[in-house]
Structures are given as structure tokens and as C-alpha cells.
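This briefing is meant to be read with the sequence and the structure side by side. Please look through both before going on to the points that follow.

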Amino acid sequence: MRRSHADEPVLITSAAESSQREYDHRRKKYVVMMGLRALCVIGAATTYKISLWLALAFIVGGMVLPWCAVIIANDRPARKKAERVTYRADLRTERALPPGGDDSRTVDG
């Protein structure tokens, strides 16, 4: 039975993704890139008799992909910039109590 979109929980917070979920996502990216590297190595081995340039392209891809996979897998997402609260004097309004007019309202203790 497939779950519909309505069955998904509603996100009601601005909290970041859990570290375990983030790690799993990065690990999947790494596995995909290393799978592409394996395909490049196999492609280079099978095409060197057909086209040397194609085989060299596969070799370069097989050499560059591991480096890119490690960099991407170890990179965490950038932190989101929080809205900065700044003080602006021109928007400031006076927030003081008005001065008392008569002394009859004074409470003696």
C-alpha cells in the first residue's frame, strides 16, 4: 500500500534536518558517485580498442569522481542566515508613562 502525500507529517518548525538523516543523504550521494566511477572504469576498459579519446575521457572521469565524491560527501549544508534584528532610531517610538498630575493618587504605606 502506497502512502499518499497527505499521510506525510506536516513540518511545523524551522529546525534543521536531523544529523542522521543528513548523513544518510550524503552517503547516498557518495555511493551514486562511486557507482559512476565504476562505470567509467568499465567504460574505459571496454572502449579503448574503439576510441582512445573516449577511453581517456572515461579514465579522467574515473580519476576525478572519487575526489568529487569525497568532497561532496563530507560537505555539510550551509547554515541558514538568521534574520538580523537591527536598531533603527528613526522608527523608535516613545514608550514612557505620562507624568502624574495630582498627588491625591499617592499610596502611603
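In which helix does T47 lie? T47 lies in helix α1, and the notes below start from the chain as a whole before they return to that helix and to its partner. Please keep in mind that the model is predicted, and that every value quoted here was computed from it.

**The chain as a whole**

- The protein chain contains two helices and zero strands, and of its 109 residues, 12% count as buried.
- When one considers the contacts between residues at least 6 apart in sequence, 67% of them join residues that are at least 24 apart.

**Helix α1 and its length**

- Helix α1 covers residues 19–47, which makes 29 residues, and at 1.5 Å a residue it should span 42 Å.
- The C-alpha atoms at the ends of α1 are 42 Å apart in the model, which agrees with that expected span.

**Buried and partly exposed residues of α1**

- The buried residues in α1 are E22, R26, M33, C40, G43, A44 and T47, and what covers them includes α2, the helix of residues 52–74.
- T47 has a relative accessibility of 12%, and because buried means under 20%, T47 counts as buried.
- Leaving aside residues up to four places away in sequence, T47 touches L54, A55 and F58.
- L36 is also found in helix α1, but with a relative accessible area of 44% L36 is partly exposed, since that class lies between the 20% limit for buried and the 50% limit for exposed.
- Although L36 and G62 are 26 residues apart in sequence, their C-alpha atoms are 8.0 Å apart in space.

**How α1 and α2 are arranged**

- The axes of the two helices, α1 and α2, come within 8 Å and cross at roughly 165 degrees.
- Because angles over 145 degrees count as roughly antiparallel, α1 and α2 are therefore described as roughly antiparallel to each other.
- The crossing in which α1 passes α2 is left-handed, and the contact of α1 with α2 has, by class, 17 nonpolar, five polar and three charged residues.

Conventions:
Residues numbered from 1 in each chain as written. Predicted model: local features only at pLDDT ≥ 70, side-chain atom pairs only at ≥ 80, totals over all residues. Heavy atoms only, no water. Helix = DSSP H or I, 4+ residues; strand = E, 2+ residues; numbered from the N terminus. Expected span 1.5 Å × (residues − 1). Buried < 20%, exposed > 50% of the residue type's maximum accessible area, 1.4 Å probe, protein only. Contact = heavy atoms within 4.5 Å. Axes fitted to C-alpha atoms, helices over the stretch in contact; angles between N-to-C directions. Parallel < 35°, antiparallel > 145°, perpendicular 65-115°, else oblique. Left-handed = near helix turned anticlockwise from the far one by under 90°. Nonpolar A, V, L, I, M, F, W, Y, C, P; charged D, E, K, R; others polar.
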